[in-house]
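Let's take a walk through this structure together. Please have the sequence and the 3D view ready, and follow along as we go.

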Amino acid sequence: MSATLAPQTSAAATAPAQTFDIRPFVGPLGAEVIGLDLSRPVNTDDFRRIHQAHLDHHVLVFRDQASLTPDQHVAFSGRFGPLQIHVLNTFALPGHPEVLIVSNILENGKPIGLGDAGVFWHSDLSYKEKPSLGSLLHAHELPSEGGDTLFANQHLAWDTLSAELKKTIAPLKAEHHYLARYAELQARSPWRPNLSPEQVAQVKPVAQPVVRTHPETGRKGLFVSEHFTTRILGVPEDESRALLAELFAHSVQPQFQYRHQWQPHDLVFWDNRSVLHLAAGTPDHLRRKLYRVTIEGDVAY
Ligand code: OGA
Ligand code: MN
């Protein structure tokens, strides 16, 4: 059941152990990792501990990653699987196609990154045939207020559904589409360029299970979101709409949530197979800049 991780380099095998703590948050998900420096080699045993903690807690907050370079960010992410390149390649960090700049900053009137990432609840790249395993978001510049990110545990969302609703939705599939709300976002922000035909071809609608099984832990979780899920397949449109509205509302209740208040140089690694996330919003006049690397996961089942 365990996913195949990228082969360890000999440097990783022989690197000295680092001394660090993993402290679970009080709440439905999340843990902070204190004392691990991701800019130094992470040896095989330390990596295994991180991997297990990620499966147990779904969101890991690595504190104080001030020295982590984009190359090191990419290299650490790549130990969990192949990396995904975001369709909005205009917002890639120059020289680093795997790094997406998430930022509300305008330079000479032009956006330097994607400023409205995550304004609706979603799981990254759920609109791809191989949706994301997880994303690693590293804080480079933070606003003095706002800018929080919310996470909701989708195993708990599934576990707390009525037996009847579980039975109804277990066999269903739903369509996910990157462009589902693109025009709506385009109308309200400068961050959504018109896509080329090649870009549109990269984000064709896909069918995903409404309830997915986590490929590493075997736990079930809800896998629909207000951002990308357009309809439940094989049921009448009005039923599909009603069911999705019910699932969206259920899935992000406060008791399933962890609210991340960013500290300088945090790197947050979440599991897109078991959580949804949302950008709570940043006041327009305050600057925010983070770098995101996204790991490809398995076909969902
Ligand atoms: C993302 C995302 C939320 C945020 O980078 O995938 O949804 O708070 N970001 O920036
Ligand atoms: Mn996201």
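The paragraphs below go from the metal site to the core, then to salt bridges, strands and two buried helix residues. Keep in mind throughout that this is a predicted model.

A good place to begin is the manganese ion (ligand 2). Which residues coordinate the manganese ion? The donors are His122 through NE2, Asp124 through OD and His277 through NE2, at 2.1 to 2.2 Å. Read along the sequence, these donor residues follow the spacing H-x1-D-x152-H. His122 sits in the loop between β8 (110-111) and β9, while His277 belongs to strand β18 (residues 275-279), so this pair ties together parts that are 155 residues apart in sequence. Are these two histidines buried or exposed? His122 has a relative accessible area of 5% and is therefore buried. His277 is buried as well, with a relative accessible area of 5%.

From His277 we can follow its strand. β18 is mostly covered, with 4 of its 5 residues buried. Strand β10 (residues 149-153) is joined to β18 by 5 bridges, and the two run antiparallel. If you would like a landmark for this pairing, look at Leu150, whose bridge partner in β18 is Leu278.

Now turn to Phe151. Not counting residues up to four places away in sequence, Phe151 touches Leu29, Val59, Trp121, Phe256, Gln257, Tyr258, His260, Val268, Trp270, Val275, Leu276 and His277. One of these is His277, a donor to the manganese ion (ligand 2), so here a contact of Phe151 and the metal site can be viewed together with the burial of His277 at 5%. Phe151 also appears among the residues with the most contacts inside the largest nonpolar core, together with Val59, Leu88, Tyr178, Tyr258, Val268 and Trp270. That core has 27 residues. Two or more of its residues come from each of β3 (59-62), β6 (96-103), β9 (132-141) and β17 (267-271). Another core, of 19 residues, lies apart from it and includes Val33, Val42, Leu60 and Phe76.

Next come the charged pairs. In general, side chains of opposite charge can pair when their charged atoms come close. How many salt bridges does the structure hold? There are 14. Glu32, Arg63 and Asp266 are linked in a network of salt bridges. In one pair of this network, Glu32 and Arg63 have their closest N and O atoms 2.7 Å apart. Glu32 is in strand β2 (residues 31-34) and Arg63 in the loop between β3 and α3 (70-77), so the pair links distant parts of the chain, 31 residues apart. Both Glu32 and Arg63 are buried. In the other pair, the closest N and O atoms of Asp266 and Arg63 are 2.9 Å apart. Asp266 lies in the loop between β16 (257-260) and β17, with Arg63 in the loop between β3 and α3, so this pair ties together parts that are 203 residues apart in sequence. Asp266 and Arg63 are both buried.

A further salt bridge joins Arg231 and Glu175, at 3.2 Å from N to O. Arg231 is in strand β15 (residues 229-232) and Glu175 in strand β11 (residues 173-176), 56 residues apart. Arg231 is partly exposed, with a relative accessible area of 34%, whereas Glu175 is buried at 16%.

Those two strands lead us to an open sheet. It has 3 strands in the order β12-β11-β15, and the pairing is antiparallel. Why does one side of β12 and of β15 have no neighbour in the sheet? β12 (206-209) and β15 stand at the edges, each with a single partner strand, so one side of each is left without a neighbour. From one strand to the next, the twist averages 35°. β11 and β12 are joined by 4 bridges, and the bridge partner of Lys173 in β12 is Pro209.

Finally, visit two helix residues. Ser251 lies in helix α8 (residues 237-251) and is buried, with a relative accessible area of 1%. Leaving aside neighbours within four places in sequence, Ser251 is in contact with Ala152, Gln154, Ala157, Leu222, Phe256 and Leu276. Ile169 is placed in helix α5 (residues 163-169) and counts as buried at 0% relative accessibility. With neighbours within four places again left aside, Ile169 is in contact with Trp158, Leu161, Val210, Val211, Leu222, Leu243 and Leu247. Leu222 is listed among the contacts of Ser251 and among those of Ile169. For a sense of distance, the C-alpha atoms of Ile169 and Phe25 are separated by 31 Å, with their positions 144 residues apart along the chain.

Methods: Residues numbered from 1 in each chain as written. Chains lettered and ligands numbered in written order. Predicted model: local features only at pLDDT ≥ 70, side-chain atom pairs only at ≥ 80, totals over all residues. Heavy atoms only, no water. Core = buried A, V, L, I, M, F, W, Y, C linked by side-chain atoms within 4.5 Å. Buried < 20%, exposed > 50% of the residue type's maximum accessible area, 1.4 Å probe, protein only. Contact = heavy atoms within 4.5 Å. Donors = N, O, S within 2.8 Å, 3.2 Å for Na, K, Ca; no water. Salt bridge = Lys/Arg side-chain N within 4 Å of Asp/Glu carboxyl O. Pairing = 2+ DSSP bridges. Axes fitted to C-alpha atoms, helices over the stretch in contact; angles between N-to-C directions.
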